[in-house]
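User: Please take a close look at one strand of this model, with its surroundings and its pairing partners described in one connected account.

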Amino acid sequence: MKKIFLFLGVTLGVLLMSSCHDHETYADQKKRERTAINKFIADSAIKVISESTFHLQNNTTDVSKNEFVLFESTGIYLQIVRKGCGDVLKNGENTTVLARFDEYNLLTDSLQLTNNVLIYAGDPDKFNVRNTSGTYKASFISGVMMTWYKSSTVPSGWLAPLPYINLGRPSKEGDEIAKVRLIVPHSQGHQSATSGVYPCYYVLTYEKGK
């Protein structure tokens, strides 16, 4: 039943956006996307900070002020809720990551996809990632994202936090896995977002795989 619900949610969103796109130029679609992002930022009382401020704060965002850093080159907005236990992925290192997520379509203002449901309790999305001189390449191994979007490509937006969070597995009291919030424009999203020109908001956790 959960799978049917998720499938219908994604399908309906795609159909609604496709019907709108028949009469829109790409410029119109990007303008509509920007409007949706700006509305979400305003409605959520998000305080946007610059990359320079982010770096001056030791690559952190103040959650109590609802800060998100904007990466100008990609249009991604990032809030680091928890840096997590473990270590940052080092240059030349390759590892498996387990991810839990909620994905919201900002055009339809709705939860579009998630693996935070009972049916997937023991089955987080799994992907392999490698850091090569600060460039991150990743592919899904299994999970909801790969199943529903029929692609092993990890959205670029999901990789944006990796230079600033730790990947580890809790081993003692007080250890927590990394958690972030992301606003991802279509150009940094999955194939459906890219073709549909819509932005997504994610709540994401990262844990190092076994």
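Analyst: Strand β4 (residues 94–105) is largely enclosed by the rest of the structure, because ten of its twelve residues are buried, where buried means under 20% relative accessible area with a 1.4 Å probe and protein chains only. Strands here are DSSP runs of E with at least two residues, numbered from the N terminus. The model is a predicted one, in which local features need pLDDT of at least 70, side-chain atom pairs count only at pLDDT 80 or more, and totals for chains, interfaces and linings use all residues. Residues are numbered from 1 along each chain as its sequence is written, and side-chain values use heavy atoms, with hydrogens and water left out.

Two strands are taken to pair if DSSP finds at least two bridges between them, and β4 pairs in the antiparallel sense with strand β9 (residues 200–208) over nine bridges. With strand β6 (residues 125–132), β4 pairs over six bridges, again in the antiparallel sense. Residue A99 takes part in both pairings, since its bridge partner in β6 is D125, while in β9 the residue opposite A99 is Y206.

A further antiparallel partner of β4 is strand β5 (residues 110–114), to which four bridges join it. In this pairing N105 stands opposite S110 of β5. The two strands β4 and β5 form a hairpin with four residues between them, and in the turn D109 has a positive phi of about 55°.

Conventions
Buried means under 20% relative accessible area, exposed over 50%, partly exposed in between (1.4 Å probe, protein chains only).
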